[in-house]
Amino acid sequence: MKCENGRIRDLEIAYIGGGSRGWAWTFMTDLALEPALSGNIRLYDIDREAAKQNELIGNMVGERQEAVRRYAPNAWVINYTNPMALCVRTLYETFPEIKAYGCCHEVFGTQKLLKSICEQTYGVKEIDRRDIVVNVMGLNHFTWFDKACYAGNDLMPVYSEFVEKHYESGYEEIDNNWMNNTFTCAHRVKFDLFRRYGLIAAAGDRHLAEFMPGEMYLKNPETVAKWKFGLTTVAYRKKELQERLARSRRLGQGQKSIELKATGEEGILLIKTPCGLTRVVSNVNLPNRFHQISNLPEDTVVETNVVFSKDSVQPIAAGKTPENMKGLFEAHVENQATIMKAALTKEKTYVYEAFEKDPLVSGRAGKLEIQKLADDMIENTKKYLPQGW
């Protein structure tokens, strides 16, 4: 790789899961808009036809099997795939020397919420969410801020006042009602968690709810509606898939073009930093090897801030999780390890154990029900894998 006049012309990117009908298009759009980077994207996917379709789409944008250890041991691997923590942990368990991290944009949404609060509180317009400085700590989708500031102002008391004002009604952006969009919420779960634990929950409400005991926010549809967030239904996913397939065909056949505008994701920025083109602080998922969260095990994949610079991703010490949240974290830390064992050993007993200990399942189903649920999920997943897997 050569850098001349602040530009890299021969960057090689291997996109594992290159048949994606969402993130791949987002990534290629952002890459096409970045003048400092050019080179080749090589698309790998167990669905070869999907990857070929994205090859056509990517080439149009440009005109306008994971084998890292064997073929690119020095490459940086960026994971966008869920389950985020387990995908990153698998990479390190199978190739300890790998240079990999996982990116998730959930934290950005809470920075945007704080940005809106600051604009209202201080009468400032168009604050950049990156100017909301936060200390990130937790597990992916169960991430927290114990510190937040803007222009030297401590936002914790500001947020506390905002929570009390909007606790019952919730808070939503104009024209972005939670009832009309699966992925939006009124932040009532966030507000409730702040009241309980004193930290700002930094993920979307529908993700945060998954980590809490099942009766609290997900007891039944009425409970979900009370907390004003949406659930991603199976029917929605099926409909969305058909729409993505149709869009993929139209894009591949040139009947439709991708609008070239920045998506707000940080993937391209985080590619530029290991190349030495810039330096940035952002949140990613990494094993806790540097004890960035000091009271969690070092093999647990945690989400914290890191400093990105040339060929370096250096975790920032985030401190320790509060004692009043210890039990919440322990359950998910243990399950991360148990699910990892299940994946590496293919022993169903570990799968059953993980289901039994999950807060959403614990106490709500018997052993036989849990085993049947796990077996059904495994068998139905197999139907979507290519022959031989």
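**Note on the sheet, helix H14 and the salt bridges**

1. Strand S2, residues 7-16, pairs with S3 in the parallel sense, with 7 bridges between the two. In this pairing Glu 12 stands opposite Asn 40 of S3. The model is a predicted one.

2. The sheet as a whole is open and has 3 strands, in the order S1-S2-S3, with mixed pairing. Its edges are strand S1 (3-4) and strand S3 (37-44), each of which pairs on one side only. Strands of a sheet pair through backbone hydrogen bonds, in either the parallel or the antiparallel sense.

3. Helix H14 spans residues 348-357, and its buried residues are Val 351, Tyr 352, Ala 354 and Phe 355. These four lie on the same side of H14, because they cover an arc of only 160° around the axis. The buried residues of H14 pack against two helices, H13 (326-345) and H15 (367-382).

4. The count of salt bridges comes to 19. Three of them, each within one helix, are taken up below. An α-helix has 3.6 residues a turn, so residues three or four places apart point the same way.

5. In helix H5 (residues 106-122), Lys 115 and Glu 119 are 4 residues apart, so about one helical turn separates them. The two form a salt bridge, with their closest N and O atoms 2.7 Å apart. Lys 115 has a relative accessibility of 17% and therefore counts as buried, the cut-off being under 20%.

6. Helix H11 (residues 234-252) holds both Arg 244 and Glu 240, again 4 residues apart, or about one turn of the helix. Their side chains meet in a salt bridge at 3.1 Å, N to O. Which of the partners is buried? Glu 240 is, with a relative accessible area of 14%, whereas Arg 244 counts as partly exposed at 30% relative accessibility.

7. Helix H15, one of the helices against which the buried residues of H14 pack, carries a salt bridge between the side chains of Asp 376 and Lys 372 (2.8 Å, N to O). Asp 376 and Lys 372 are 4 residues apart in H15, so their separation is about one helical turn. Asp 376 is partly exposed, its relative accessible area being 33%. Lys 372, at 52% relative accessibility, counts as exposed, since the cut-off for that class is over 50%.

8. Shared partners also link salt bridges into a network: Arg 89, Glu 93 and Asp 299 are joined in this way.

How values were computed: Residues are numbered from 1 along each chain as its sequence is written. This is a predicted model: local features need pLDDT of at least 70, side-chain atom pairs count only at pLDDT 80 or more; totals for chains, interfaces and linings use all residues. Side-chain values use heavy atoms; hydrogens and water are left out. Two strands pair if DSSP finds at least two bridges between them. Buried means under 20% relative accessible area, exposed over 50%, partly exposed in between (1.4 Å probe, protein chains only). The arc is that of the directions from the helix axis to the C-beta atoms. Contact means heavy atoms within 4.5 Å. A salt bridge is a side-chain nitrogen of Lys or Arg within 4 Å of a carboxyl oxygen of Asp or Glu.
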